[in-house]
Structure formats: C-alpha cells, structure tokens
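Here is a friendly walk through one protein chain, from its overall build down to single residues. Have the model open beside you as you read.

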Amino acid sequence: LIGRLMFELPEEMGLIAIAVQQTQGKGRGGNVWLSPVGCALSTLHITIPLHSNLGQRIPFIQHLVSLAVVESVRSIPGYEDIDLRVKWPNDVYYSDLMKVGGVLVNSTLLETTFHILIGFGFNVNNSNPTICINDLITKFNKEEGRKLKPLTADCLIARTVTVLERLIDIFQEKGPNGVLPRYYKYWVHSGKQVRLHSEEGPVAWIVGVDDYGFLQVHEEGKGVESVHPDGNSFDMLRNLIVPK
C-alpha cells in the first residue's frame, strides 16, 4: 500500500505506516521478523536527492535509522544509560548480547530522486521472542534504584522519526563525519576481533565504517579493507564475517 502511495503524494508531505502487529514481517536476506503485540513497527517513506551527501552514500541510511532508534531512548533525560546499541549494518541490540530490533531499507531511483522505504521494528513491551526495551528499563531500575517509567511504542516511533530527520539534515550538511561520532558512541564493535570466512579463517579487527557505510576490518599484514553489507553476514555469536 505505502509503496503505491509514495509516488502519488506531494513532495512536502510525509508518509508513514504503523502496525500494531505484523503477520509477515521481513528481515534482511529473506529472514522473517516476528512481530507480536508490543513491538514498534513502521514503514517510513523519505526522499533523498541523488546529488546530495546522503544520495551518494545510500547504504548509510540503515545506519542512521538504527542510530535514531537507539537515540530515541537514550536521548530522554534519565534514560541515557539504558544499554541499547547499534550493530552493523542494521540491527539494534541490548549490549552485545541480544537483538532488540532491525531495519530494512528499499530504495527506488526516479530521475534524480531516491524514494526510500524504511521498515523498522523493535521490541518495546514484548519480552518474547528476545528481550524488549521495557525489560531493560525494569532491569536498570532494579540495579540502580531508579524509577524510570516504561515507554510506549507510539512515543518511540515518533521520537525515532524526529531524531532521524535531524540525523539526515546533519549528514546532508557535514557528510559521514557529522554523524559517525554519535554512531560509534553506541555501536557494539569497537576493537572487536573477528574471523573472516570461517571459524578457522584469518583474524581481523573491526576498525570502523568507511565513507560509504561499509564495515572496515584490519587483517594483519593486509591493511584495512571494507566489507560490503549486502554480500556478507555478521554472526555476532561466533564473531564471524561470512560471505553469503
């Protein structure tokens, strides 16, 4: 529905679809995203000029959305230490332990404008199938003797879109360096050691993200290389980067 509507609306009009529950949630690479009641689930339409900082670096959009989800919680006064983080290329994690949400981006280039459909879903008030943001708040309150209130999916979708708009504006003005310090503040990979290709493969260290949003790894004796997100899978549990 939103894919048909997005070409019919005036440019200045925003478009978002929000679901209380999904029966056919999709993830990267054909994965299924389970979407019980309690998730924040939405698809957002944005337009990006081809000849702009972000238009020349479209893979960065999924990173900006993941960061916006994290900041939607951690930018609330009192909630700064809720351990929500970003995982390259498109996941939201509790620490480096468990997936809380994900992002899926589809783009269509029409003349000189990208029409981007951003699907994002993250667990707010559903403890299954993994863990949810309100579980993290409850845990934080218990450990720190605090009384932070639980959050709602509606509030966090609204905050995510607001933060994303700001991040896009900053990126368009300053390029990757305008947002990467904020991204690295919350990402799970700093200094992590990984294996390439297999559990017996060469050892590499994660360095950061390059100017186009691809992961940079340093393999001993070979220097720094970029890893394309669409061609590789990052297995957090086994610290593996595996070609798909």
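A residue counts as buried here when its relative accessible area is under 20%, as exposed when it is over 50%, and as partly exposed in between. With that cut-off, 48% of the 244 residues of the protein chain are buried. Please keep in mind that this is a predicted model.

**Overall build**

- The protein chain holds five helices and twelve strands.
- Its radius of gyration is 18 Å, close to the 18 Å that the globule rule gives for 244 residues, so the chain is as compact as a globular protein of that length.
- Measured out along the principal axes, the C-alpha trace spans about 55 × 50 × 35 Å.
- If we take the contacts between residues at least 6 apart in sequence, 56% of them join residues at least 24 apart.

**Surface and charge**

- About 12600 Å² of the protein chain is exposed, and carbon and sulfur atoms supply 51% of that area.
- The chain carries 23 positive and 26 negative side chains.
- How far apart do the centres of the two sets lie? The distance between them is 6 Å.

**Salt bridges**

- The count of salt bridges comes to five.
- One of them joins the side chains of glutamate 71 and arginine 182, with N to O at 2.6 Å. This pair links distant parts of the chain, since glutamate 71 sits in helix α2 (residues 60-74) and arginine 182 in helix α5 (residues 180-186), 111 residues apart.
- Are the two partners buried or exposed? Glutamate 71 is buried, because its relative accessible area of 8% is under 20%. Arginine 182, at 29%, is partly exposed.
- Aspartate 83 and arginine 85 also meet through their side chains in a salt bridge, with N to O at 2.8 Å. Aspartate 83 is partly exposed at 26% relative accessibility, and arginine 85 is partly exposed at 23%.
- Lysine 99 forms a salt bridge with aspartate 91, and their closest N and O atoms are 3.1 Å apart. Here lysine 99 is partly exposed, with 28% relative accessibility, while aspartate 91 is buried, with a relative accessible area of 7%.
- Which residues are linked with Asp91 in a network of salt bridges? They are Lys87 and Lys99.

**Cis peptide bonds**

- As background, most peptide bonds are trans.
- The peptide bond from tryptophan 88 to proline 89 is cis, and its omega is near 0°. You will find proline 89 in the loop between β3 (84-87) and β4 (91-94).
- Asparagine 128 and proline 129 are joined by a cis peptide bond too, with omega at about 10°. Proline 129 belongs to the loop between β6 (113-123) and α3.

**Positive phi angles**

- Most residues other than glycine have a negative phi, which is why a positive value is worth a look.
- Serine 95 has a positive phi, near 50°, in a residue other than glycine. It is part of the loop between β4 and β5 (98-110). Serine 95 is buried, because its relative accessible area of 16% falls under 20%.
- Glutamate 111 likewise has a positive phi, near 55°. Its place is the loop between β5 and β6.
- Is glutamate 111 buried or exposed? Glutamate 111 is exposed, because its relative accessible area of 75% is over 50%.

**Two more residues to find**

- Asparagine 141 is in helix α3 (residues 133-144). At 14% relative accessibility, this asparagine counts as buried.
- What does asparagine 141 contact, leaving aside its neighbours within four places in sequence? Its contacts are Arg146, Lys147 and Leu148.
- Isoleucine 206 lies in strand β8 (residues 203-209). Its relative accessible area is 5%, so isoleucine 206 counts as buried.
- The C-alpha atoms of isoleucine 206 and proline 176 are separated by 18 Å, and the two residues are 30 apart along the chain.

Conventions:
Residues numbered from 1 in each chain as written. Predicted model: local features only at pLDDT ≥ 70, side-chain atom pairs only at ≥ 80, totals over all residues. Heavy atoms only, no water. Helix = DSSP H or I, 4+ residues; strand = E, 2+ residues; numbered from the N terminus. Rg over C-alpha atoms; globule rule 2.2 N^0.38 Å. Buried < 20%, exposed > 50% of the residue type's maximum accessible area, 1.4 Å probe, protein only. Contact = heavy atoms within 4.5 Å. Areas by Shrake-Rupley, 256 points an atom, 1.4 Å probe, with all protein chains shown as cover. Lys, Arg positive; Asp, Glu negative; His and termini not counted. Charge placed at Lys NZ, Arg CZ, Asp CG, Glu CD. Salt bridge = Lys/Arg side-chain N within 4 Å of Asp/Glu carboxyl O.
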